[in-house]
Number of protein chains: 4
Amino acid sequence: MFAEIKGLNEECGVFAIWGHKDAASLTYYGLHSLQHRGQEGAGIVVTDGEELKVHKGLGLVNDVFKPEDFANLTGKAAIGHVRYATAGGGGFANVQPLLFRSQRGSLAIAHNGNLVNANSMKHQLESQGSIFQSTSDTEVLAHLIKRSGYSTLEEQLYSSLAMLKGAYAFAVMNENQLFIALDPNGLRPLSIGRLGDAYVVSSETCAFDLIGATFEREVEPGELITIDDNGLRSQRFTGKAPRAICSMEYIYFARPDSNIDEFNVHTSRKNLGKQLAMEAPVEADVVTGVPDSSISAAIGYAEQAGIPYELGMIKNRYVGRTFIQPSQELREQGVKMKLSAVRKVVEGKRVVMIDDSIVRGTTSRRIVNMLREAGAKEVHVRISSPPIKNPCFYGIDTSTTGELIAANHSIEEMCEMMGADSLAFLSVDGLTKGIGRSADEPNCGQCLACFTGNYPTEIYPDTLHPYAKV
Amino acid sequence: MFAEIKGLNEECGVFAIWGHKDAASLTYYGLHSLQHRGQEGAGIVVTDGEELKVHKGLGLVNDVFKPEDFANLTGKAAIGHVRYATAGGGGFANVQPLLFRSQRGSLAIAHNGNLVNANSMKHQLESQGSIFQSTSDTEVLAHLIKRSGYSTLEEQLYSSLAMLKGAYAFAVMNENQLFIALDPNGLRPLSIGRLGDAYVVSSETCAFDLIGATFEREVEPGELITIDDNGLRSQRFTGKAPRAICSMEYIYFARPDSNIDEFNVHTSRKNLGKQLAMEAPVEADVVTGVPDSSISAAIGYAEQAGIPYELGMIKNRYVGRTFIQPSQELREQGVKMKLSAVRKVVEGKRVVMIDDSIVRGTTSRRIVNMLREAGAKEVHVRISSPPIKNPCFYGIDTSTTGELIAANHSIEEMCEMMGADSLAFLSVDGLTKGIGRSADEPNCGQCLACFTGNYPTEIYPDTLHPYAKV
Amino acid sequence: MFAEIKGLNEECGVFAIWGHKDAASLTYYGLHSLQHRGQEGAGIVVTDGEELKVHKGLGLVNDVFKPEDFANLTGKAAIGHVRYATAGGGGFANVQPLLFRSQRGSLAIAHNGNLVNANSMKHQLESQGSIFQSTSDTEVLAHLIKRSGYSTLEEQLYSSLAMLKGAYAFAVMNENQLFIALDPNGLRPLSIGRLGDAYVVSSETCAFDLIGATFEREVEPGELITIDDNGLRSQRFTGKAPRAICSMEYIYFARPDSNIDEFNVHTSRKNLGKQLAMEAPVEADVVTGVPDSSISAAIGYAEQAGIPYELGMIKNRYVGRTFIQPSQELREQGVKMKLSAVRKVVEGKRVVMIDDSIVRGTTSRRIVNMLREAGAKEVHVRISSPPIKNPCFYGIDTSTTGELIAANHSIEEMCEMMGADSLAFLSVDGLTKGIGRSADEPNCGQCLACFTGNYPTEIYPDTLHPYAKV
Amino acid sequence: MFAEIKGLNEECGVFAIWGHKDAASLTYYGLHSLQHRGQEGAGIVVTDGEELKVHKGLGLVNDVFKPEDFANLTGKAAIGHVRYATAGGGGFANVQPLLFRSQRGSLAIAHNGNLVNANSMKHQLESQGSIFQSTSDTEVLAHLIKRSGYSTLEEQLYSSLAMLKGAYAFAVMNENQLFIALDPNGLRPLSIGRLGDAYVVSSETCAFDLIGATFEREVEPGELITIDDNGLRSQRFTGKAPRAICSMEYIYFARPDSNIDEFNVHTSRKNLGKQLAMEAPVEADVVTGVPDSSISAAIGYAEQAGIPYELGMIKNRYVGRTFIQPSQELREQGVKMKLSAVRKVVEGKRVVMIDDSIVRGTTSRRIVNMLREAGAKEVHVRISSPPIKNPCFYGIDTSTTGELIAANHSIEEMCEMMGADSLAFLSVDGLTKGIGRSADEPNCGQCLACFTGNYPTEIYPDTLHPYAKV
């Protein structure tokens, strides 16, 4: 929710529903609760059993959908998508769900994640005459399906999934069936719920709460689910691989009211804050968190440390994407956007500033500076996750290694660069312990690659520039 | 910030600057930080010493102003306004600053407040041939000025202010001078700051922080300030009246990082929460606040009561004004907008739910219900202000007396209507003590009329329907 | 219809209807047929007997009105207006009908023409405290009405008209009555028709044909007509003055299918062409006219002269107002907009080029040049009206005297400036004879001021810069 | 230009330029002069030698392109397209030029015409795994190119053209080369011109006049032209077939100022009118033509018959595509759009009404009726082309045979259906003679299929519903 400042951006959110006469409206509400996962574009494809109808566009869910748009979106099932533009760049052609029409029927695909072998596959497919309409890695799946040689979409999909590598949560729909697939490591979150007789699928469980649906279970790594008017069938398209759910979902991306593998995100974050207070205590007068994603951790730190939690910073709620940036001259004069320090709260105080993570470090420096200008006597920065030292290839738009501050500097150097009085990160152990996932699995079932460099899948040469423009 | 749910709406925010070459841009940033005071429309009028130029429109500051708009807004001084449509209804004609051009020069007016004798004056002026272009009470001042018989704007304004009654904070500008005026009771907040050599005026001090200006002092009740290239001059257009700053500014409207009469709003709210915890304690497991305006009070309550503060509810950040409302059918099925309960936080718990105020009570009922559906074992509602029993005639769009739940029901009845396990309000004494204003003044210098019915000014028959459409 | 090239622009078109349940739709169609009289803005005010409802905006009739806009415009009577921005400049505030609301009822005014004493009256009214919301001279009438001291709108209007000087055709409406007024000289055209029981009023009769109404009669100079549910009543607000209908209506402005004082415009123009052929014959191979307004005259010239009429120039139908102009460089390379010569028609030919009038002469020069580049052996320019030597103060935006080519140059000089082989204008006598109006009235009842300098009304000093920005 | 009334719609216009630094701007002007060939959408693709950049959209050229759009469209060559939606339906995806990007480079295609074997080829290509992004037949060429197996675009294109059947004029461009191809029968017009050193290609020569280019020659049937920085090379991709240029281009579609095979369109039309006057004379008082496309023929008829030509009908210039249609009730009351009769011209007269062609006959009936209502004593309809009895499969959206009035009724029946006093069509011989093309070629080198049923190419079963929605 703090994406523009942090430079740490999620790719997408996926929602699907089967068997409800208000499929499109419910998908709209679902996408709304997933809005924090992508603000570049949104779309819905609906099926009435005869044909697929689509509405999508660039912008927020509210910008893209107007009441009149739903008159045409009648049907019993739908898939929806919110997109943050990482792989493939922006533009209308990349807004999902992608819809492919042919004389034999239509096909819609919504995708959260990032394929690590997309470029190679695209190269091969183009050599064989395929023409891509988008620059998104998602379209690779459509071409694999069309060339699979099998006759049913289920078979086509099953065989195509075997060729994909990386992180993916797919919702695929034709006129009569909905398919849900999660990558073998389960890098992205994906849950199934029920709303009366209807099946609901969402990247995050907060969408279930919004529409009054009941959480049923998580989609399992390597699972291919088929939903149609006969109900739900599950099969595995791959053998067992260790779960490696993205840690950043707990730390930063997911909404506090979502649960991932039944762990509530707010609670996990608060525990990370408590853990951090135990690992890196400091004498101080107030604890404050960078809104919104660090509030839970800050409350936890404050509670554990016995220091009052205060609103030391205010986020400007109305800053939109078109906000006019102050010129350099005005910026130097002090014009601040997005965040303001609350002078009366921090003036003359020793402040613990909790942030959930650090990518390039520029934001942190600006916040420390802002707190000092507002009169803070000391500023102690505490980060409720370990240092990010490695890029992500699974759908999170961290910068390249060269830009990651923690990949190139010691903690002391970072502390000095930020102008903080002290700086401490949570340990990797503290992270896994704090989230509270089962210690029986490797890495407690988490992907920790951005902290440790241990990637759960192969990484290909062409992945090293995963977002190169085709 | 929770206006649509609560039905408690502020009228406006005013910003002005004199003596800075980036006057329009700085006003834009200033309005941005006042956005919470009005989302219906925004506008800026700038003077370059020769003519007044204007840009305004319906919508948020970001919707109304695009970078190219500033090319034309060159000048050394500007006044700006954000509007919430109360008196006079909506529509472009009412977006402020109002600009009046004549062969003798132009005049711009921005206004926060509500005149209690506007309808009578309008009637008289129309009888004398005046034609009103807006339905706003603000335009009355322009007609008084034009008919005053004096030759300088300062004299015209001085004599016209004598005829106004009610709450008002005015910024008035012609080609060469800026005037600032506050009503005799100082019902609305208005502060002066400095940015280098420039003078800055704002409804709230948070605008000073955003643009790097320094707070100088509050505008005094009954003060008329003239600012031009010779500097600032102050005079009184009325004798001393007791200050009666609107309590709801502290309780609900103002931004937590603003200070009013040097009391920080967040700190005041936190103290109201502490006070409430002392007045109305309860055995419970968690304290949670209705976001965003009740968070500070909730933290205060939790700290005082020694009960953990938790994020029990999440506000949907991306809900805009065009959001498509769920149909009755979908609503019954559970589709919720704007607020979600965090099930894992409240499930099986005894919850203290802090809200800052109650107007009609419908929102509170819905929130209590939502918390119960999310599994809360008990819900204890604590309100960090006294019961609102009387309408406001000074610019806050509370409902009529008939709709005010506290005007028509006992606390026990309200508790039952809400479905809460217990309900308590802060006392009026607790309110004045909590805010911390000087006890030397009557009501500690606050307007408490909505709680007590003691209005600091006369109220006229035509004020009783203050927002009647002309 | 060739306005952008010629620099000769009409001010407005007025339409009104009383007593038809589709009043707004019919006004919309009426405005559509008057679109050539003004393309800057359009508006409709409708009354249902209880209140006035308005819809207006900048742009063409089709841009301003969408089907859904008519849902709200229910009522039995309406007035409408298309505007070309002359007096008072452009901008939304000046789009008519102007609507004035007060506590005693509303008032709408639509106006075609130009008041020659507007500036003086405005000055006086402002001195007495009036605030003008537009910069249009039309608003003067509203202020006179409001200050008249009479109690009925009919009396107010009657007495106010006595104070106006210049050219005007007014439609004024309140909740219950429609008033139509024409200036004492009848400088602007205005006709009354019937559509079943309904009364229809229009600047041009072509609107009657479009909606299936029957022409009844012209509004007479100095006539004030009252239409309400009791029918139509006529009275004179001034003594008899000689009719002086604008000649340019026949020559250039009006649609060929309109009749003015029962003379068909196309037929008049064709006769002007015939007259011109008699006055200024020439040996030539083809006759061609500048589209669209000179086609009729060209056909007349060809018929009289016995020379074939050909499409020697084509007007680009799709050129809109937003057309991107070629850069100077591209222009020199030959990029032409709006008009193309038909090479195969003019190549090697002696061409008579008919134009209806010349203002600044720049367009004529460009057209002659274009014909030569397309291979014309000779180009003989024939103008179907006399030289324009004097500015118009009655609503036509001719340039100032300094810019009128015929005011500053002899015919020989003009011919050379244009690069034509010969140049001739129609005589003033030829003009009055060609149009065919009664020779019993002075000037055959026409205003010939732009040709002769004999203005039918007083002209005031402040009129000399009639379009000065206030 | 009368498309909405007649139901006879052209498909497209193509423009291309190579070797000019203002390539995009000049293409914009060129498209502007081709606007009459398609109003549904427009687009430009430009190459700077490194990459292809595109801008396109739905609407008129002026709606789609704004000045700022050209900042990005830098390059030395461009192709452009205006589209009328026939084959494949409307929608943004079908707006041309189509642009296909791949890892090996990009490819843009603009097309005027219609392939008669598109559906079969599409079926085959999809069976082999191709995914189509548009429903346009144009995309077939792209897929054939991608699958051709050759390595240069010239070879790929050469071999792909061999598989196409029907009418087509293609402009194909990659980063470094421009290709122009015309079908073996030359069914669509396409000309080459020079602008300094640059090469220019256009569907009609009027575009050359607009931008100051010089006509060089027509593209020959079956010719494939390659243009790059080395100049222009021509080759034939097919043996000689008889030219069969669409007759309707002369009769109705092309602009009067264009030349096709060096015959000027206006002159041809005028000659058709003269021919018609000889074949079907009638005693009458005035000749009038349906604007705009029948004006030339009407002038010819009048000249030959010695009857005065008059503006008997006026076309409403400002009727746009969004025009609000009158309800049935209003229509019956007489509300007319688009065309008005000029009462004073036709009243009491025997009128010859010239129209260029008749498709369904409904428009003619309405016009005859309109003339009678305006007082015409007799209405003699003369059509300057033979009866259309057969559908077109080459890109003109005539109705199906069942809807063609002349396919189902005798001339007497049609005359009665129209309510005319007499009706006559031009003979096929009169048509070929009137246009004036060489009698040495079969059909004088024209396609007369819509009159005679002799199609110059094979017609396939799937062509019989050529516009079926995929």
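**Close-up 1. A two-residue hairpin in chain C of this predicted model**. Strands E12(C) and E13(C) are linked by a hairpin, with two residues making the connection. The pair runs antiparallel, and six bridges hold E12(C) to E13(C), the latter covering residues 231-236. If you want a spot to anchor the view, look for Thr226(C), which sits opposite Arg233(C) in E13(C). E12(C) itself spans residues 223-228 and is mostly covered, with five of its six residues buried.

**Close-up 2. What E12(C) pairs with besides its hairpin mate: strand E8(C)**. E8(C), residues 178-182, lines up with E12(C) in the antiparallel sense, and the two share four bridges. One place to check the register is Ile180(C), whose bridge partner in E12(C) is Ile225(C).

**Close-up 3. The seven-stranded sheet of chain C**. Reading across, the strands come in the order E3-E2-E4-E1-E10-E9-E11, and the pairing is antiparallel. The sheet is open, so where does it end? Its edges are E3(C), residues 52-58, and E11(C), residues 214-218, each of which pairs on one side only. From one strand to the next, the twist averages 15°. At the E11(C) end, the neighbour is E9(C), residues 191-195, joined to E11(C) by four bridges in the antiparallel sense. There, Gly193(C) has Phe215(C) of E11(C) as its bridge partner. Helix H2(C), residues 23-33, packs on the sheet and touches E1(C), E2(C), E4(C) and E10(C). The direction of H2(C) makes about 25° with that of E4(C).

**Close-up 4. Helix H9 of chain C, mostly covered**. H9(C) runs from residue 265 to residue 279, 15 residues in total. From its first C-alpha to its last it reaches 21 Å, close to the 21 Å expected at 1.5 Å a residue. Of those 15 residues, 13 are buried.

**Close-up 5. A four-stranded parallel sheet, shown in chain D**. Here the order is E17-E20-E21-E22, in an open sheet with parallel pairing. Strands E17(D), residues 286-289, and E22(D), residues 422-425, sit at the edges, each pairing on one side only. The twist averages 20° from one strand to the next. Zoom in on E21(D), residues 378-383, and you'll find four bridges joining it to E22(D), with the two strands running parallel. Within that pair, Val381(D) stands opposite Leu423(D). Helix H10(D), residues 295-305, lies across E17(D), E20(D) and E21(D), and runs at about 165° to E17(D).

**Close-up 6. Where chain B meets chain A**. How many residues does each chain bring to this contact? Chain B puts in 51 residues, and so does chain A. On the chain B side, the helices that each supply at least two residues include H2(B), H7(B), H9(B) and H10(B). The largest share comes from H2(B), with five residues. Sorted by class, the side of chain B that touches chain A has 25 nonpolar, 17 polar and nine charged residues. Since 100% of the interface residues of chain B are also interface residues in chain A, the copies meet through the same surface.

**Close-up 7. The axis between chains A and B**. A rotation of 180°, with 0.0 Å of shift along its axis, superposes chain B on chain A at an RMSD of 0.0 Å. The two copies are thus related as by a two-fold rotation axis. Which C-alpha of chain B lies nearest the axis? That of Arg317(B), at 3.9 Å from it.

**Close-up 8. Where chain C meets chain B**. In this contact, 18 residues come from chain C and 18 residues from chain B. On the chain C side, strand E5(C) (98-102) and helices H4(C) (118-127) and H5(C) (139-147) each supply at least two residues. H5(C) gives the largest share, four residues. By class, this side of chain C has five nonpolar, seven polar and six charged residues. The copies meet through the same surface, because 100% of the interface residues of chain C are also interface residues in chain B. Chain C superposes on chain B by a rotation of 179° with 0.1 Å of shift along its axis, at an RMSD of 0.1 Å.

**Close-up 9. Chain pairs that don't touch**. No contact joins chain A and chain C, and their closest C-alpha atoms lie 13 Å apart. Chain B and chain D don't touch either, with their nearest C-alpha atoms 13 Å apart.

Terms used:
Residues numbered from 1 in each chain as written. Chains lettered and ligands numbered in written order. Predicted model: local features only at pLDDT ≥ 70, side-chain atom pairs only at ≥ 80, totals over all residues. Least-squares fit on C-alpha atoms with pLDDT ≥ 70 in both. Contact = placed C-beta atoms within 7 Å. Nonpolar A, V, L, I, M, F, W, Y, C, P; charged D, E, K, R; others polar. Pairing = 2+ DSSP bridges. Axes fitted to C-alpha atoms, helices over the stretch in contact; angles between N-to-C directions. Expected span 1.5 Å × (residues − 1). Buried ≥ 20, exposed ≤ 12 C-beta atoms within 10 Å, placed from the backbone.
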